There are 2 protein chains.
Amino acid sequence: MRMKQTIPSSYVGLKINEWYTHIRQFHVAEAERVKLEVEREIEDMEEDQDLLLYYSLMEFRHRVMLDYIKPFGEDTSQLEFSELLEDIEGNQYKLTGLLEYYFNFFRGMYEFKQKMFVSAMMYYKRAEKNLALVSDDIEKAEFAFKMAEIFYNLKQTYVSMSYAVQALETYQMYETYTVRRIQCEFVIAGNYDDMQYPERALPHLELALDLAKKEGNPRLISSALYNLGNCYEKMGELQKAAEYFGKSVSICKSEKFDNLPHSIYSLTQVLYKQKNDAEAQKKYREGLEIARQYSDELFVELFQFLHALYGKNIDTESVSHTFQFLEEHMLYPYIEELAHDAAQFYIENGQPEKALSFYEKMVHAQKQIQRGDCLYEI
Amino acid sequence: MRMKQTIPSSYVGLKINEWYTHIRQFHVAEAERVKLEVEREIEDMEEDQDLLLYYSLMEFRHRVMLDYIKPFGEDTSQLEFSELLEDIEGNQYKLTGLLEYYFNFFRGMYEFKQKMFVSAMMYYKRAEKNLALVSDDIEKAEFAFKMAEIFYNLKQTYVSMSYAVQALETYQMYETYTVRRIQCEFVIAGNYDDMQYPERALPHLELALDLAKKEGNPRLISSALYNLGNCYEKMGELQKAAEYFGKSVSICKSEKFDNLPHSIYSLTQVLYKQKNDAEAQKKYREGLEIARQYSDELFVELFQFLHALYGKNIDTESVSHTFQFLEEHMLYPYIEELAHDAAQFYIENGQPEKALSFYEKMVHAQKQIQRGDCLYEI
């Protein structure tokens, strides 16, 4: 009987590296294929604890990729992640060097996904301590991109930009990292948007759209179109904004993306601001219906706000109801934006006292946003 | 005839280290004393180009310290710095390792002093690349403090806080770095203030005041008192704010500090907000006079604004004149603050239209501030 040949762990290690390359390129099918091969080979592999740890880390990273591509329902995804985490954390004391880097970096990505920015930053900072061990420039770019992303969310615009530029410089040198390249352009554009420079965001979003079309990636195409709509709205070019939002909506519809309510809402808002009431009313009814189908409580509320404010006759009660909802859920960025829009509306309709009360609401929301960004207590 | 003994450069090197320790502790007299000793010893020192470079770098850093303690008039200081810089930059190609770190770090400090934040950040980032060569934890704390300071100015609150905490942890372990410790507390408090958390800033400012009193440093005492006044004003405790501003003013007066106009202005502003008009009018007249003596154009304008808005009868023309001045000089943080105060004033005086126009001015200023923070063009 022929003795089964044990596979050298170094061989399996190389295969896991290959698996990780597909993950970073968002090539899901190849990643799944190589994952299965790895799992088969591990069966006949020589004993190697480190390699098994490397495998479970990569399994966890694989999960993070799938969750990005096709967000699972909260419960299933939560369960799978915690099982994977338990397995890795049980062996955490064994993690050194590069494995320790991967553990902290992937864990940070997971925390970020849960919008737990403080703990995400903690894991990223730990990973950064081992970054010197990372020789592969794509992995350095991956890390730089995730730092750019979290600093963007923390409104640390200057720092986010410097990481985004660093990541982009590497991704631009490779054909196969277009998804990351597009995401870098989105972060750069987002930072310009926060700094009230939509005109500087524009070329980055146009490039992102081109790349997304070449990539044939509907999710990224619809996001690029949506961001362009947002950009033109900020520049006061409402007609162009409406066109881009419209294109984004049609893709979200055909692909049944979860951000469909949000896209129709932004389109409806622009149509009302254009005083294109007939079209706006149509989109309002369609959008409200879809938000209800998606049981998207926030956007049901926001569609009602648009109708209450811009509809045939102002429904002040419904307007206040929306602000109450937003305050209860501490959604201060929305309060800031809608209060500013309401103030503009009441100025145009010759009601200065009403307009003033909404400016005061806006200033209060701005303060809460700043307090909300405060992650420190020393 | 006895041959003059040449002094080993290593010996002079140690003395320069001692000189640098006094500089970092802001012990001016000792720093000047050791500087003279070094200069005498260099005369009889063995040939050592690196050591001479280290000397000229430290001479430059000595200048930065003096300029902080006793800001020279623009012209003299400018001349002296450029001469020193020329000397160092002529030899820049020779700078390696730790000398290169010092060159970039000191140059960054100088650029920061000139409010040239982009170039300051560039030099600090270059210095950071050699930070691994720095073994002395005080020097690491010095670097962390300067990063905290510049990120505070760039409103990168999260990043500034993490550097400030890092620097403070080291300075707390030493008795002789109290000045830096106080400055760290100021940066932490400033970040909390920006995040609309004056109540979290308070304990840091109270500690800074204690330390400044123990240090017997009038400049730091007056700054701590001023910052406490500002903090109480933000918390709506105007009486306490007035008391602290008052104490700060009396020190600025006795010491003839250059920020006297600013301190009296903040005191006058709070007195008007307290409706303590008699006292406010007195301070307004005194402050206007002092601002003229200091030929401080900005604060002459700001005192006139206070009088025009809060004085016996509103002088709308003078109010607009001030905003025109501030707009011409692109002083958007002042525009944001004064426009908000004016809006509040007109609301209290039953003039909603006027109040609305100042809210609109405030929102425009906020946008300009965000655009002004944008140091990127990619």
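# Burial, contacts and symmetry

Me: What makes up the area that chain A exposes?

Reply: Chain A exposes about 17600 Å², and 52% of it is supplied by carbon and sulfur atoms. The areas come from the Shrake-Rupley method with a 1.4 Å probe; for residues, only the protein chains shown count as cover. The model is predicted: local features need pLDDT of at least 70 and side-chain atom pairs count only at pLDDT 80 or more, while totals for chains, interfaces and linings use all residues. Side-chain values use heavy atoms, with hydrogens and water left out, residues are numbered from 1 along each chain as its sequence is written, and chains are lettered from A and ligands numbered from 1 in the order in which they are written.

Me: Which elements of secondary structure does chain A have?

Reply: Chain A has 18 helices and zero strands. Helices are DSSP runs of H or I with at least four residues, strands are runs of E with at least two, and both are numbered from the N terminus. The C-alpha atoms of the chain fill a box of roughly 90 × 50 × 40 Å along the principal axes.

Me: Why is A:Thr268 called buried or exposed?

Reply: The definition calls a residue buried under 20% relative accessible area, exposed over 50% and partly exposed in between, with a 1.4 Å probe and protein chains only. A:Thr268 has a relative accessible area of 0% and is therefore buried. Of the 378 residues of chain A, 54% count as buried.

Me: What makes up the surroundings of A:Thr268, leaving aside its neighbours within four places in sequence?

Reply: Contact means heavy atoms within 4.5 Å. A:Thr268, in helix α13 (residues 260-273), is in contact with A:Ala280, A:Lys283, A:Tyr284, A:Phe303 and A:Leu306 when those neighbours are left aside. Its C-alpha atom is separated by 8.1 Å from that of A:Gly287, 19 residues apart along the chain. For chain A as a whole, 61% of the contacts with a separation of 6 or more are between residues 24 or more positions apart.

Me: Why is A:Ser160 called buried or exposed?

Reply: A:Ser160 has a relative accessible area of 0%, so the residue is buried. It is found in helix α8 (residues 157-171). Not counting residues up to four places away in sequence, A:Ser160 touches A:Ala148, A:Phe151, A:Tyr152, A:Val187 and A:Asn191.

Me: What makes A:Thr322 buried or exposed?

Reply: At 0% relative accessibility, A:Thr322 counts as buried. The residue is in helix α16 (residues 316-328) of chain A, and its contacts beyond four places in sequence are A:Glu301, A:Leu302, A:Phe305 and A:Leu338.

Me: What makes the phi of A:Gln196 worth a remark?

Reply: Most residues other than glycine have a negative phi. A:Gln196 is not a glycine, yet its phi is positive, about 60 degrees. This residue lies in the loop between α9 (178-194) and α10 (198-215) of chain A, and at 13% relative accessibility it counts as buried.

Me: Why is B:Met330 called buried or exposed?

Reply: B:Met330 has 57% relative accessibility and so counts as exposed. The residue is in the loop between α16 (316-328) and α17 of chain B. Its phi is near 50 degrees, a positive value in a residue other than glycine.

Me: How do you know what relation holds between chain A and chain B?

Reply: Two copies of a chain are related by a rotation about an axis and a shift along it. Here a rotation of 180 degrees, with 0.0 Å of shift along its axis, superposes chain A on chain B with an RMSD of 0.0 Å. That is the relation of a two-fold axis. The superposition is by least squares on the C-alpha atoms of residues with pLDDT of at least 70 in both copies. Of the residues of chain A, A:Gln156 comes closest to the rotation axis, with its C-alpha at 2.5 Å.

Me: How do you know through which surface the copies meet?

Reply: Of the interface residues of chain A, 100% are also interface residues in chain B, so the copies meet through the same surface.
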